[in-house]
Amino acid sequence: MCTALVAVEAEQTILELPGRRPVYPISIAAEILGVHQRTLRIYEEEGLLIPARRGLWRFYSEEDLKWARAIRHLLHDKGLNVAGVRRILSLVPCWDVMGCSAAARESCPKATVRSRPCWVVAPRSDGKCHLCPVYQSACRYVCDEEELESSQSH
């Protein structure tokens, strides 16, 4: 099977998982989260949050909202700053998540840049970084389930 077809099937599977389909425009996402739209844009500019894009419009999934709450938890409750959150995200083991070979690791730009998450260092050429398995799993590497649950109640 061609790798492009495998990628399309994997993306379709991600979108079919509960809470993964991006449906909320930024105004609604910000309202649900109780933050200003600018806050979500800052998270995006810093490489912490990657909403889906349709033209100039940003759309967020339930998982994106969960992750945005977790980011706020790390920033406000745990005392981290944006650089600290970015640094923690840079430690997500992308090679393990993606199952990369040793040769692929050596040629990957992430191997030389350890201060930023892989989706910032080596973004997808199709612009669909929100579908990347590493980005999708980052929340679970950074926060445990109790923290994620407690961040939902804020």
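How far apart should the ends of α4 be, given its 16 residues at 1.5 Å a residue? Let's start there. The answer is 22 Å, and the end C-alpha atoms turn out to be 21 Å apart, which agrees. One thing to say up front, everybody: this is a predicted model.

Okay, let's stay with α4 for a bit. This helix covers residues 62-77, and it's mostly covered, with 12 of its 16 residues buried. If you want to find them on screen, the buried ones include D64, L65, K66, W67 and A68, and further along, I71, R72, H73, L74 and L75 are among them too. So what's going on at the two ends? At the start, S61 has a side-chain oxygen within 3.3 Å of the backbone nitrogen of E63. And just past the helix there's G79, which takes a positive phi of about 80 degrees.

Now, the core. The largest nonpolar core is made of 33 residues. L40, L49, W67, L89 and W119 have the most contacts inside it. Who contributes? The elements giving two or more residues are α2, α3, α4, α5, α6, α8 and α9, and our friend α4 gives the largest share, with 7 residues.

Let me zoom in on W67, since that's one of the buried α4 residues. What does W67 touch, if we leave aside its neighbours within four places in sequence? The contacts are L48, L49, L89, Y135, C139 and V142. Two of those names, L49 and L89, you just heard in the list of residues with the most contacts inside the core.

Alright, on to the strands. There are 3 of them in an open sheet, in the order β1-β3-β2, with antiparallel pairing. β1, at 24-25, and β2, at 52-54, stand at the edges with a single partner strand each, so one side of each has no neighbour in the sheet. As a reminder, strands of a sheet pair through backbone hydrogen bonds.

Which residues face each other? Between β2 and β3, which is residues 57-60, there are 3 bridges. R54 stands opposite W57, and R53 has R58 as its bridge partner. On the other side, 2 bridges join β1 to β3, and there P25 stands opposite F59.

Last stop is the hairpin of β2 and β3. There are 2 residues between the strands, and G55 takes a positive phi near 70 degrees.

That's my tour, thanks!

Note on methods: Residues numbered from 1 in each chain as written. Heavy atoms only, no water. Pairing = 2+ DSSP bridges. Helix = DSSP H or I, 4+ residues; strand = E, 2+ residues; numbered from the N terminus. Core = buried A, V, L, I, M, F, W, Y, C linked by side-chain atoms within 4.5 Å. Buried < 20%, exposed > 50% of the residue type's maximum accessible area, 1.4 Å probe, protein only. Contact = heavy atoms within 4.5 Å. Expected span 1.5 Å × (residues − 1). Polar contact = N/O pair within 3.5 Å; in protein donor to acceptor, adjacent residues only side chain to side chain.
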